[in-house]
Amino acid sequence: MAKRGKKYQEALKLVDRTQAYDVNEAIELVKKTTVANFDETVEAVFRLGVDPKKADQQIRGAMVLPHGTGKTQRVLVIAKGDKAKEAEAAGADYVGDQEYIDQINQGWFDFDVVVATPDMMAEVGKLGRVLGPKGLMPNPKTGTVTFEIEKAVQEIKAGKVEYRVDKAGNIHVPIGKVSFDDQKLVENYVAITETLVKAKPQTSKGTYMRNASVSSTMGPGIRVDVSSYAKK
């Protein structure tokens, strides 16, 4: 394991690793333990009582955070005709069809999110081997395969985040920037937590919301008390 720097070690002294903090206290600590000289992203991590090997427990979706993420997403829309015009009017950064598919095959990835209309998925699907590993493949579950192009682009620009459980049952979600007001970070955290609680599979047994933590990009993880959600 890489040795942590002096600033990180000093920040770590402010955190009681055995304690699960109220979310308001946890957010305050995130700011106090920021060690980088840039506006770090604040991330929430949730450990869920699910078995990702089971198809009905592979939690995945998307939501618009109340206060966005603080990051401007570059959106590529793969569509034709009127839907392409709709994407341009909605503020998509790149709009087209086969020319962008060809560019991606040649190694172009200057975008953060791909949205495609259903009629283009036969071609977009061929990009699975390059978009899939990067988490960029459009998917109906996250609202990125749709004919509602205007809505999709506007939501992404407004701070839409995707969430997906990994092999260990964890979900990582950005909830804003260190420069955000504390209350905005708290409200974003609460919004994603409640969304995940609602997404609980009926087949999930035992404690569902097992634990959670928040941290800045370079700072230590701070446990958040999830006891009020544990029985939901």
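In this predicted model, the lining of the second largest pocket comprises three nonpolar residues, one polar residue and five charged residues. The pocket has a volume of about 180 Å³. Its lining is formed by P52, Q58, I59, R60, K141, R164, V165, D166 and K167.

The largest pocket encloses about 640 Å³ of space. It is lined by 25 residues, and Q73, D112, G135, V161 and E162 are the closest to its centre. Strands β5 (113–116), β6 (160–164) and β7 (170–177) each contribute at least two lining residues. The largest share, five residues, is from β6. By class, nine residues of this lining are nonpolar, eight are polar and eight are charged.

Aromatic contacts were examined next. Six aromatic pairs are present in the structure. F46 and Y189 form a stacked pair, because their ring centres are 5.7 Å apart and their planes meet at 20°. This pair joins distant parts of the chain. F46 belongs to strand β1 (residues 41–48) and Y189 to helix α8 (residues 182–198), with the two positions 143 residues apart. Both F46 and Y189 are buried.

The W108–F111 pair is tilted, because the planes stand at 55° with the ring centres 5.0 Å apart. W108 has a relative accessibility of 15% and therefore counts as buried. F111, at 3%, is therefore also classed as buried. W108 and F111 belong to one aromatic cluster with Y94, Y100 and F109. A charge also sits at this cluster member: K134 lies over the face of F109, 4.7 Å from the ring centre.

Notes: Residues numbered from 1 in each chain as written. Predicted model: local features only at pLDDT ≥ 70, side-chain atom pairs only at ≥ 80, totals over all residues. Heavy atoms only, no water. Phe/Tyr/Trp six-rings, centres within 6.5 Å; stacked < 30°, edge-to-face > 60°. Helix = DSSP H or I, 4+ residues; strand = E, 2+ residues; numbered from the N terminus. Buried < 20%, exposed > 50% of the residue type's maximum accessible area, 1.4 Å probe, protein only. Lys NZ or Arg CZ within 6 Å of the ring centre and 35° of its normal. 1 Å grid on protein atoms, 1.4 Å probe; cavity = no way out; pocket = protein on both sides within 12 Å on 5 of 7 lines; lining within 4 Å. Points joined across faces, edges and corners; volume = space filled by probe spheres on them. Nonpolar A, V, L, I, M, F, W, Y, C, P; charged D, E, K, R; others polar.
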